[in-house]
Amino acid sequence: MNRSDRDGYGSLPLQLGFVLLIGLSGVFVSIQAGAGLQFALLAGVAGLAVGAVVTWFVVRNLRDVMPDTPDMSEREW
């Protein structure tokens, strides 16, 4: 994946999956702790917000340290 793919929408499904994973973990932990439905939904919303911030932070920092990789579709085998 070259830099234009990483900067575009190529990694968007992975980023959304990461946000959803963090959000759902908040829901599951609150349910396991015995919380009610309202608190579990609140934990899910808070988890989505935290997941968005964490994903933004990770992607922003990884773009600075990851080297450009060659486009494998143009490679001669």
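pLDDT is the predictor's confidence in each residue, on a scale from 0 to 100. What you're looking at is a predicted model, where local features need a pLDDT of at least 70 and side-chain atom pairs count only at pLDDT 80 or more, while totals for chains, interfaces and linings use all residues. Numbering runs from 1 along each chain as its sequence is written, and side-chain values use heavy atoms, with hydrogens and water left out. The protein averages a pLDDT of 82, and 71% of its residues score at least 70.

Now for the layout. The protein has 3 helices and 0 strands, giving the pattern α-α-α as you read along the sequence. Helices here are DSSP runs (H or I, at least four residues), strands are E runs of at least two, and numbering starts from the N terminus. Confidence varies between the elements: helix α1 (residues 3–7) has the lowest mean pLDDT, 57, and helix α2 (residues 12–32) the highest, 92.

Helix α3 covers residues 37–65. With 29 residues, α3 reaches 41 Å from its first C-alpha to its last, close to the 42 Å expected at 1.5 Å a residue; that expected span is 1.5 Å times one less than the number of residues.

How do the helices meet? The buried residues of α3 pack against α2, and they are Ala40, Ala43, Gly44, Gly47, Gly51, Thr55 and Val59. Buried means under 20% relative accessible area, exposed means over 50%, and partly exposed lies in between (1.4 Å probe, protein chains only). From the α2 side, take a look at Ser30, which sits in that helix. Ser30 counts as buried because its relative accessibility is 6%. Leaving out residues up to four places away in sequence, Ser30 touches Ala35, Phe39, Ala40 and Ala43, where a contact means heavy atoms within 4.5 Å.

Zooming out, 73% of the protein's contacts with a separation of 6 or more are between residues 24 or more positions apart. Buried residues make up 17% of the 77 residues.

Finally, the outside. The accessible surface of the protein is about 6,000 Å², and 71% of it belongs to carbon and sulfur atoms; such areas come from the Shrake-Rupley method with a 1.4 Å probe, and for residues only the protein chains shown count as cover. Trp56, Phe57, Val58, Leu62 and Val65 form a nonpolar surface patch, together offering about 500 Å² of accessible area. Patch members have over 30% relative accessible area and no salt bridge; like charges are joined within 9 Å, and nonpolar side chains (Val, Leu, Ile, Met, Phe, Trp, Tyr) within 5 Å. A salt bridge is a side-chain nitrogen of Lys or Arg within 4 Å of a carboxyl oxygen of Asp or Glu. Leu62, one of the patch residues, counts as partly exposed because its relative accessibility is 41%.
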